[in-house]
Amino acid sequence: MHPSDLPRPDPSALAASRALLDRIAAELAAHGNWISFARFMQRALYEPGLGYYAAGSEVIGAPGDFVTAPELSPLFARCLARQVAELLEPGDAVLEFGAGTGALAATLTQALAELGRGDAPYLILETSPALRARQRERVAMRARWIEELPRSFRGVMLANEVVDAMPVHALTWTRAGIAERGVCANEGELAWCERAAHGETLAAAGRIDVVVPPSGRYESELALAARAWMRSVAESLERGALLVIDYGFPRHEYYHPQRSTGTLMCHYRHRAHGDPFYLPGLQDISAHVDFSALAEAARDGGLDVLGYTGQARFLVNCGITELLAQTDAADVRRYAPLASAANRLLSPAEMGELFKVLAVGRGVNRPLAGFVQGDRAHAL
Ligand SMILES: C[S@@+](CC[C@H](N)C(=O)[O-])C[C@H]1O[C@@H](n2cnc3c(N)ncnc32)[C@H](O)[C@@H]1O
């Protein structure tokens, strides 16, 4: 889809985007007309008061720009609850990163109570003030909000579609070397501008095995922020596990020769397109997750990789088919929407295969139910 075919936002939304653009333009003017793409993405999504997540509470779900698994069906949270309950030990807590509208927290807390683990405190670490307010409306009595990672945490951490929203660096590999694709202003518009990569970005990009195609250019992303986040999780996690659920690949698929234009994706009103500079602050920008990079950062921080598999396999291992069977198929009104949502969660053409589940942890010495069959941790 071309951005010119997208629905037009209302004047106040346009004014907010203009204000964010002015701030980005001021930063460009102060920095020789170049900032990294990661810096741009950070401001477009998280700029206080103006960034996409910072300002918008109607970003997820039917009225927003995209739908996530917990919004699609309670079956997702009910399956996850089985894995979480298995991992929880007495005195443990659950910590959800980036809880969006609170959909996962609402069903998961209820399902944990049904599984006899309603005693575990449910913590939410959310960077967006607008979404924090939305979550409070939904699960005020069942959760507690925290501002930063606890120094020492025991229990289960969850991140559903959070890592894809972390800023990425944009790179180009050519036969002449590695360039960083940053953002500059060109005749009043934001544009891509390349310069030689250096420092941590060059070192990390240089370690990736990229085959430059006949066109002479291979573009992709580098998840430095996600790695730093995983290191901070590793510091915090004294015992227990983190489950990351998101769309992405292990490294050899992420940097596959055929994926030569990268994985950046933008969403505006349920339409996907590839222009990250379209109306900053009003649209979602994301990149697929390099699960090998997350696993490496976890291992560097002393965590073990406990499992890695596709979302469909994980949900089936956690009993989604039995949960679905609890609703009488003859009751078409209740059964049909559940079955249709289960199909979206499981189908390889939808979320079943593109979405993966990675579990990392410390002091967990038994196999996890979600990975009993089809564990692909060796592929990371
Ligand atoms: C794509 S939304 C997913 C929301 C929700 N998990 C779901 O599945 O519906 C990304 C969420 O992650 C939050 N977020 C992004 N980076 C974060 C971070 N480093 N720590 C905590 N939350 C973060 C955003 O504010 C937003 O709520």
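In this predicted model, a polar backbone atom of G98 lies 2.7 Å from a nitrogen atom of the ligand. Two further residues make polar approaches to the ligand. E126 uses its side chain: one of its polar atoms is 2.5 Å from a ligand oxygen atom. N160 uses its backbone, with an N or O atom 2.7 Å from a nitrogen atom of the ligand. Protein covers 93% of the 600 Å² of accessible area that the ligand has on its own.

Where does the ligand sit? It occupies the largest pocket. There are 18 residues around the ligand. Those that come nearest are Y46, T68, G98, E126 and N160.

Turn next to H267. This residue belongs to strand 11, which spans residues 265-268. Is H267 buried or exposed? Its relative accessible area is 16%. The cut-off for buried is under 20%, so H267 counts as buried. Setting aside neighbours within four places in sequence, H267 contacts D65, F66, A272, Q283 and D284.

V210 sits in a loop rather than a strand. The loop runs between helix 8 (199-206) and strand 9 (218-222). V210 is nevertheless buried, because its relative accessible area is 16%, and the limit is under 20%. Which residues does V210 touch, not counting those up to four places away in sequence? They are W173, Y218 and Y255. For a sense of distance, take V210 and M157. They are 53 residues apart in sequence. In space, 33 Å separates them, C-alpha to C-alpha.

Methods: Residues are numbered from 1 along each chain as its sequence is written. This is a predicted model: local features need pLDDT of at least 70, side-chain atom pairs count only at pLDDT 80 or more; totals for chains, interfaces and linings use all residues. Side-chain values use heavy atoms; hydrogens and water are left out. Helices (H or I, at least four residues) and strands (E, at least two) are DSSP runs, numbered from the N terminus. Buried means under 20% relative accessible area, exposed over 50%, partly exposed in between (1.4 Å probe, protein chains only). Contact means heavy atoms within 4.5 Å. A residue is near a molecule or strand if one of its heavy atoms lies within 4 Å of it. A polar contact is a pair of N or O atoms within 3.5 Å; within protein, one must be able to donate a hydrogen and the other to accept it, and residues adjacent in sequence count only if both atoms are side-chain atoms. Accessible areas come from the Shrake-Rupley method with a 1.4 Å probe; for residues, only the protein chains shown count as cover. On a 1 Å grid over the protein atoms alone, a cavity is a set of points where a 1.4 Å probe fits but cannot get out, and a pocket is an open set with protein on both sides within 12 Å along at least five of seven lines; lining residues have an atom within 4 Å of a point. A molecule sits in a cavity or pocket if more than half of its atoms lie within 2 Å of its grid points.
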